[in-house]
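Dear colleague,

Here is the structure I said I would pass on. My notes on it follow below the display.

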Amino acid sequence: MGAVACGTAENLTAAQKLDRAVDKLGQGTSLSFELGLDTDAATLKALDADAAPGEEIPEQVAELLAGARVSVSVQSKKPLQDSSDTDITGMAVKVSGPDGDLLEYRQVGDWAYLRTGVKPLEKATGNQLPAPEDLPLDATDLKQVLSGGWVKMPADSLTKNTPGQESSPSANPSAQARQKKVLNGLQQLINREVQLKDTGTKDGADHITATAPFRTLLTGLFDELRPLARDLPQGAKLPTSKDFKGAPNKKITADFAVKDGALNEVSVDLAPLVDTAKSDKFALVLRVGKGEQATAPAPAAQIDLEALAQQLFGGPAIPGQTKPAL
């Protein structure tokens, strides 16, 4: 009985420390994070060891996934935990691959900016994108995008007139109730399935580990997210327990690094899921920090988002065109 009580006390202590570390992030007016895999192409290809001939992960795809990084930075006029959409003053998103930036997006004030890394994209996909000069004369917006330079559009053009788009969840009482139910359910899932442990200090950071069976946690996660299914776009569905039947139920461990009282890094060790891994290094890593102020790039050519979509998929925006530009 004493051992159980001791374990429970340890869990509460680690949980409280982790809660405070996450809360501190919300007290700031900016936040950045970078998500990527800490592994190599050989380990990723080992995931497909049992795949039928010809269905294995291509070397090019494995190298792309191993080197891919997604970074996000957000700035607000208020502490992030108290911010609404109108308080956000800047946002930047970048998707990078082993050969350079694939896509970069910024939102500054009323404008959204976009840049495509044409050469890295071509190398990553193994396909050549059309040269701007080879596109139809009227595909002006698509030409700007494929030139590799920055383009801009009104930020509200990304959300207005979207089919099935409802009011903001923060302004929707029923959506708020669903969110609260989900948060409560996730907290119960963590308390029930996740073993937390304070593992001490390393490299100037306090470390807390969280261990749980992979399939059990994944199934429970989507079960708890089920109330939000009605907020998804039409046709989108959440996976069910049947979809996870073949997933391994080995225990995986996430290591949370807390520095100066705030969450600094999360590393999820996925190596136990890969019996034939070529190395022990197979982790999903999230690095957290202070966000830098997003700036408006110059020059940036203005485009029309609706016209761009029509030029991509074909339509009346390009007179006389009967086929999509791509």
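Is Ser76 buried or exposed? Ser76 is buried, because its relative accessible area is 9%, and the cut-off for buried is under 20%. Please keep in mind that this is a predicted model.

**Around Ser76**

Ser76 belongs to strand S2. Its side chain makes a polar contact of 2.6 Å with the side chain of Ser83. Leaving aside residues up to four places away in sequence, Ser76 touches Thr29, Ser83, Asp87, Ile88 and Thr89.

One of these neighbours, Asp87, takes part in a salt bridge with Lys78, where the closest N and O atoms are 3.9 Å apart. The two partners differ in their cover: Asp87 counts as buried because its relative accessibility is 7%, while Lys78 is partly exposed, with a relative accessible area of 40%.

Leu80 sits in the loop between strand S2 (69-76) and strand S3 (88-97). Its C-alpha atom is 6.1 Å from that of Gly28, although the two residues are 52 residues apart along the chain. Not counting residues up to four places away in sequence, the contacts of Leu80 are Leu25, Gly26, Gly28, Thr29, Ser30, Leu31 and Val74. Thr29 is thus touched by Leu80 and by Ser76.

**The chain and its sheet**

The protein chain has 326 residues, of which 31% count as buried. Its secondary structure consists of eight helices and 12 strands. The accessible surface is about 19500 Å², and carbon and sulfur atoms account for 54% of that surface. Of the contacts with a separation of 6 or more, 61% are between residues 24 or more positions apart.

An open sheet of 12 strands runs in the order S7-S8-S9-S10-S11-S1-S2-S3-S4-S5-S6-S12, and its pairing is mixed. S7 and S12 are at the edges with a single partner strand each, so one side of each has no neighbour in the sheet. At the S7 edge, seven bridges join S7 to S8, and these two strands run antiparallel. Leu196 has Ala210 as its bridge partner in S8.

Further along the order, S1 and S2 are antiparallel and joined by seven bridges. S2 and S3 are antiparallel too, with eight bridges between them. A path can be followed across these strands: Leu35, in strand S1 (residues 30-38), has Val70 as its bridge partner in S2, and Val70 has Val95 as its bridge partner in S3.

Leu35 and Val70 also appear together on the surface, where they and Leu284 make a nonpolar patch of about 190 Å². Leu35 counts as partly exposed because its relative accessibility is 33%.

**Salt bridges**

The count of salt bridges comes to 13. Lys94, Asp101, Glu104, Arg106 and Arg115 are linked in a network of them. Within this network, Glu104 and Arg106 meet at 3.3 Å, N to O, and both of these residues are buried. Glu104 also meets Arg115, at 2.9 Å, N to O. Arg115 is in strand S5 (residues 111-116) and Glu104 in strand S4 (residues 100-108), so this pair ties together parts that are 11 residues apart in sequence. Arg115 is buried, as is Glu104.

**Backbone points to look at**

Most residues other than glycine have a negative phi, and most peptide bonds are trans. Three places in this model can be set against that background.

- Asp203 has a positive phi, near 55°. Asp203 is in the loop between strand S7 (195-202) and strand S8 (205-213), and counts as exposed because its relative accessible area is 69%.
- Asp260 also has a positive phi, near 55°. Its loop lies between strand S9 (251-259) and strand S10 (262-269), and Asp260 is exposed at 67% relative accessibility.
- The peptide bond from Ala298 to Pro299 is cis, with omega near -5°. Pro299 is in the loop between strand S11 (283-289) and strand S12 (301-302).

Regards

How values were computed. Residues are numbered from 1 along each chain as its sequence is written. This is a predicted model: local features need pLDDT of at least 70, side-chain atom pairs count only at pLDDT 80 or more; totals for chains, interfaces and linings use all residues. Side-chain values use heavy atoms; hydrogens and water are left out. Patches are made of residues with over 30% relative accessible area and no salt bridge: like charges are joined within 9 Å, nonpolar side chains (Val, Leu, Ile, Met, Phe, Trp, Tyr) within 5 Å. Accessible areas come from the Shrake-Rupley method with a 1.4 Å probe; for residues, only the protein chains shown count as cover. A salt bridge is a side-chain nitrogen of Lys or Arg within 4 Å of a carboxyl oxygen of Asp or Glu. Helices (H or I, at least four residues) and strands (E, at least two) are DSSP runs, numbered from the N terminus. Buried means under 20% relative accessible area, exposed over 50%, partly exposed in between (1.4 Å probe, protein chains only). Contact means heavy atoms within 4.5 Å. Two strands pair if DSSP finds at least two bridges between them. A polar contact is a pair of N or O atoms within 3.5 Å; within protein, one must be able to donate a hydrogen and the other to accept it, and residues adjacent in sequence count only if both atoms are side-chain atoms.
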